[in-house]
Amino acid sequence: MTRLLFLPLLVWSASAQPIAGDWTGTLEAGPQKLRLVLHVKQSPSGLTAALDSLDQGAMGLPASKVAFSGGALNAEFAVVGGSYEAKLSEDGRELRGTWSQGSPLPLVFTRSAKPVEGPKRPQEPKAPFPYDVEEVSVSSAEGVTLACSLTLPKGEGKHPAAVLITGSGPQNRDEELMGHKPFLVLADALTRREIAVLRCDDRGFAKSTGTFRTATSADFADDAQAEAAFLRKHARIDVAKVGLIGHSEGGLVAPMVAGREPATAFVVLIAAPGVNGEQILKRQIVDILKASGAPEEAIEVQRTVQQSVIDVVKTEADPAARAEKLKAITAPMGKAGEAMARNASSAWFRNFVIYDPLPALGKVKCPVLALNGSLDLQVAADQNLGAVENALRAGGNKDVTAVKLDGLNHLLQTAKTGSVAEYAQIEETVAPAALKRIGDWLAGRVLAK
């Protein structure tokens, strides 16, 4: 639900001194424009290069095979199912070529004489902070040690605390994407209001150990439960006031933990699923493609392929057979189809498609705040927010607040259309009104005397 589609890096072979240096370019895919910086360096073992996607906040991204010969560059990016072919201009100042990822797009890099600035993110907090920051580690399942940051209000006494739970895809502790760090902004805002916050790199990603590729939402629930248990043992945390804040898939995980852990003091759900993954994906693909201006015929093609993929995922329990069937369905789409089949073959995807969030929501008895942006195209408010609220109340929960925030998108940014393409273009990371709503609600539950 928060995964990125374009995050390549290059590593060159062959003697390619003519292209050594820094290069800038812009990839235009419909309304989305991604500023790229390509750094090519000479090393003892040959040329190496790294690609920064400035508007996605993705820097120095890891690589595929690349060849440079006779002024021609040919690069493949297995990680995103894409490729880039280009020719170096005679004056050595431009790489003119085509990026292919499903559909070919022109991509020109120009040699840069000065550093390129990243996107403006005025809300991103900078040190020194008016609170303490501890770098801590949390042990979860065997072989899983989570690397985390704990922000703590200064002063004596024990503080209420929240565990932040990331959305889908490998995420660092700041839930960093599209050049934004929403969990860093949220943690800063809450800690300034006297609420401690623990945020961790996902298992198997960034500084955390373990394996992300084979993990499902149930594994992430185990990690979140371990993080909450860690807080309850911390000398500066109030053991009776530890809760969970989950975004997107994190909003699926938080009720799983709260339903089985009576000590959970509160839950905040941001863009949480209220229906199974199949229903979310069906709605999501239509909303996103419409917002991008895709014609109805193209939308129908995508819907048909998606439904075929989902049908196989739901009905074929054998992983090997499932993978082969998915390859056959997506083969006409080339490298993009290969990437789709690989993602859909995962245990995580199958679990997401079939998992019903309502039973877990019905077991949550602590106070719950559920938020959805009215322009959320990934987890639509009218499909999910009411279902979440109804499930909580049907389970007997007496303290449920459900709010649709007008004009906000999946990241709780102030948006125009809610399109994924807007995420990187918007300077705001989290709308101040959303931060205030969360902070005020928590203050009334865990700070009130």
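**Asking why**

Me: Pro128 is found in the loop between strand S11 (103-111) and strand S12 (131-139). What makes the bond that joins Ala127 and Pro128 a cis peptide bond?

Reply: Keep in mind that we're looking at a predicted model. The clue is omega: for the bond joining Ala127 and Pro128, omega is about 0 degrees. Most peptide bonds are trans.

Me: What about Glu175: what is unusual about its phi, given that it is not a glycine?

Reply: Its phi is positive, about 50 degrees. Most residues other than glycine have a negative phi. You'll find Glu175 in the loop between strand S14 (159-165) and helix H1 (182-191).

Me: How do you know whether Glu175 counts as buried or exposed?

Reply: Check its relative accessibility, which is 1%. Buried means under 20%, so Glu175 counts as buried.

Me: And what is the phi of Ala271, which isn't a glycine either?

Reply: Ala271 has a positive phi of about 55 degrees. Ala271 sits in the loop between strand S17 (267-270) and helix H4 (277-291). Its relative accessibility is 2%, and with a cut-off of under 20%, Ala271 counts as buried.

Me: Why is the aromatic pair of Trp348 and Phe352 called stacked?

Reply: A search of the whole structure turns up 4 aromatic pairs. In the pair of Trp348 and Phe352, the ring centres are 5.1 Å apart and the planes are at 5 degrees. Centres within 6.5 Å make a pair, and planes under 30 degrees apart count as stacked, so this pair passes on both scores.

Me: Where do Trp348 and Phe352 lie?

Reply: Both are in helix H8 (residues 347-354), 4 residues apart, which is about one turn of the helix. Ring pairs also bring in Phe349, linking Trp348, Phe349 and Phe352 into a cluster.

Me: How do you know whether Trp348 is buried or exposed? Same for Phe352: buried or exposed?

Reply: Trp348 has 9% relative accessibility and Phe352 has 3%. With the cut-off at under 20%, Trp348 counts as buried, and so does Phe352.

Me: Which residues have the most contacts inside the largest nonpolar core?

Reply: They are Leu198, Leu231, Leu244, Val267 and Leu269, in a core of 60 residues. A second, separate core has 29 residues, including Leu164, Phe183, Leu435 and Trp441. In soluble globular proteins, nonpolar side chains tend to be buried together.

Me: What is Leu244 in contact with, leaving aside neighbours within four places in sequence?

Reply: Quite a list: among them are Val163, Ile165, Ala228, Thr264, Phe266 and Val267.

Conventions: Residues numbered from 1 in each chain as written. Predicted model: local features only at pLDDT ≥ 70, side-chain atom pairs only at ≥ 80, totals over all residues. Heavy atoms only, no water. Phe/Tyr/Trp six-rings, centres within 6.5 Å; stacked < 30°, edge-to-face > 60°. Helix = DSSP H or I, 4+ residues; strand = E, 2+ residues; numbered from the N terminus. Buried < 20%, exposed > 50% of the residue type's maximum accessible area, 1.4 Å probe, protein only. Core = buried A, V, L, I, M, F, W, Y, C linked by side-chain atoms within 4.5 Å. Contact = heavy atoms within 4.5 Å.
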